Amino acid sequence: MNARILDTTLRDGEQTPGVSLTPDEKLRMALKLDELGVDVIEAGSAITSIGEREGIKKITSEGLSTEICSFARAVKVDVDAALECDVDSVHLVIPTSDLHIKYKLKKTRETVKDLAIESTQYAVDHGLLVELSAEDSTRSDIDYLTQVFKEGIDAGAKRICACDTVGMLTPEKAYEFYGHLSKLDAPLSVHCHNDFGLAVANSLSGLRAGASQAHVTVNGIGERAGNASLEELVVSLYSLYGVKTNIKIGMLYEISKMASRLTNVPLQPNKAIVGENAFAHESGIHADGVIKKAETYEPITPELVGHKRRFVMGKHIGSGLLKKRLEEMGLRVDDEKLNQIFTRVKALGDKGKCVTDVDLQAIAEDVLGIVAEKVVELEELTIVSGNKITPTASVRLNINNNEVLEAGIGIGPVDAAIVAVKKSIADFADIELEQYHVDAITGGTDALIDVIVKLKHEDQIVTARSTQPDIINASVEAYLSGINKILSDKKDIKKIKEGDL
Ligand SMILES: CC(=O)SCCNC(=O)CCNC(=O)[C@H](O)C(C)(C)COP(=O)(O)OP(=O)(O)OC[C@H]1O[C@@H](n2cnc3c(N)ncnc32)[C@H](O)[C@@H]1OP(=O)(O)O
Ligand SMILES: CC(=O)C(=O)O
């Protein structure tokens, strides 16, 4: 058995509250979906806006072999808008539940059926392939729904689709429901929403029952709790059911990242298949198992979907993983030292901290008595700030025994100081300040200030902190401490600096 995939990231996915893609972003996503191997791209809903039509037109003008489709209500203007965009097909939608017919459309069952048939005929007469789709079909009278589909097929619809618009199906009901509709004389699509977290399970059930195409979105984005997720459905079909699709599974992680970036919808870390933790291991028993044989705690390889395995240091680690990471860092330790490092990592974990590789290196070097070299040291910091002046900072730094002077302006004095430091290292290290957190430990304006920063350089992330009575000094020291953690093992960067000066 094979299953077809209609991707509706650019239509139902874009209906995610707050998401809006530009025409160019739509095109970029469509090109990636085409490369991924989806059978149909529902590129949007042409009636929505001028920009939406521009986006769909950009996609259709690429001449892709993938079928390009537009959503349309069962009204002539929507079909005309789709025609204007030169799409191959329309996802022609009409509600069939009494709830929608009575309260939303304020019509009768008979009028709604007539609308479905008339608009199908209109679209077919204008050369469009019609996938006739019933909205809220799973709360519809099954005899009425069946009749709408039968007459729609007679009117020229080439596919039918039953939408579980508010995610009310269960896998058992889905099997029965889609099994019944799959006996009609046209290929059937499942379109499942995730209001109860069952969209993928229900889609799988529908496909097993005889449906041949699933509507999905990348990362499962969509209205409310979203749609069935493309990556979960496709990999479940492949790995659990032995069902093939045309999807290039090895691209799933890449396209997930792209969709998240373009839509600004962050991915939950524990998202199946593509989440950052999908192949991450911290707890000692798991990591030990994975190091010995990955299948013990990984149902599929990360490489299958283009992802990567990673081990995380923290409260739950075991000595097996710790020893492996230290060895990978070139640090050989005896059992006593390993135990000391182990205790320090656990203690950090107990404080709610995640221990990065750089943190681990610092702990290990401390335990092993290795003195960490400071590449950058603060010699002087001057701040000018007030209510009628642009906050300005100047710093004198010692970088590998060379004096560097820089100045910066900022929103406030802390920002100005960080800008000045950042400028002084900019020509040899691109270090981003990802997070800045400040706490006043004791009460009052003379409180001790605790600053924690999270810095990023290429793939490396480090955290650093400084506690001092002065918020500006604490901020700069925390920032420099993070910079030193990053630069201390980057001999090449240091050489560049030495050569430069
Ligand atoms: C479950 C789903 O995902 S359905 C798809 C949802 N997608 C969208 O809504 C796309 C974006 N929507 C839009 O840009 C706008 O809603 C438009 C352009 C489609 C319509 O805008 P407006 O004309 O201002 O109407 P509005 O959005 O307020 O109401 C929808 C109208 O369509 C009617 N309608 C809704 N669904 C259908 C349908 N499938 N077939 C025919 N008519 C429909 C409603 O009855 C209502 O008409 P009425 O006001 O005469 O009762
Ligand atoms: C049409 C559609 O997206 C739905 O009913 O969920």
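The exercises below walk through a predicted model of one protein chain.

Residues are numbered from 1 along each chain as its sequence is written, chains are lettered from A and ligands numbered from 1 in the order in which they are written. In this predicted model local features need pLDDT of at least 70 and side-chain atom pairs count only at pLDDT 80 or more, while totals for chains, interfaces and linings use all residues.

**Exercise 1. The whole chain**

Task: State how many helices and strands the chain has, and what percentage of its residues is buried.

Solution:
- Step 1. The chain has 17 helices and 16 strands. These are DSSP runs numbered from the N terminus: helices are H or I with at least four residues, strands are E with at least two.
- Step 2. Of the 501 residues, 42% count as buried. A residue is buried if 20 or more other C-beta atoms, placed from the backbone, lie within 10 Å of its own; it is exposed if 12 or fewer do, and partly exposed in between.
- Step 3. The C-alpha trace spans about 85 × 60 × 45 Å along its principal axes.

**Exercise 2. The barrel**

Task: Find the order of the strands in the barrel, and the helix that packs on β5 and β6.

Solution:
- Step 1. Eight strands close into a barrel, with parallel pairing, in the order β1-β2-β3-β4-β5-β6-β7-β8. Two strands pair if DSSP finds at least two bridges between them.
- Step 2. On average, neighbouring strands of this sheet are turned by 25° against each other, direction ignored.
- Step 3. Take β5 (residues 129-135) and β6 (residues 159-164): they are parallel and share four bridges. Glutamate 131 has arginine 159 in β6 as its bridge partner.
- Step 4. Helix α6 (residues 142-154) packs on the sheet and touches β5 and β6. The direction of α6 makes about 170° with that of β5. Contact means C-beta atoms, placed from the backbone, within 7 Å. Axes are lines fitted to C-alpha atoms, for helices over the stretch in contact, and angles run from 0 to 180 degrees between N-to-C directions.

**Exercise 3. Strand β4 and ligand 1**

Task: Describe how β4 is covered, and what β4 supplies to the shell around ligand 1.

Solution:
- Step 1. Seven of the seven residues of β4 are buried. Ser89, His91, Val93 and Pro95 point one way, and Val90, Leu92 and Ile94 the other.
- Step 2. Strand β3 (residues 67-73) pairs with β4 in the parallel sense over five bridges. Alanine 72 stands opposite leucine 92.
- Step 3. Ligand 1 is surrounded by 16 residues; the closest are Ser45, Thr48, Arg73, Ala74 and Val93. Near means that a residue's C-beta atom, placed from the backbone, lies within 6 Å of the molecule or strand.
- Step 4. β4 gives the largest share of this shell, three residues.

**Exercise 4. Ligand 2**

Task: List the residues around ligand 2.

Solution:
- Step 1. They are Asp12, Val93, Ser133, Glu135, Cys163, Thr165, His191 and His193.

**Exercise 5. Two positive phi values**

Task: Is each of aspartate 86 and isoleucine 273 buried or partly exposed?

Solution:
- Step 1. Most residues other than glycine have a negative phi.
- Step 2. Aspartate 86 has a positive phi, near 65°. Aspartate 86 sits in the loop between α3 (76-84) and β4. Aspartate 86 counts as partly exposed because it has 14 C-beta neighbours inside 10 Å.
- Step 3. Isoleucine 273 also has a positive phi, near 70°. Its place is the loop between α10 (252-263) and β9 (280-281). Isoleucine 273 is buried, because 25 other C-beta atoms lie within 10 Å.

Methods: Two residues are in contact if their C-beta atoms, placed from the backbone, lie within 7 Å.
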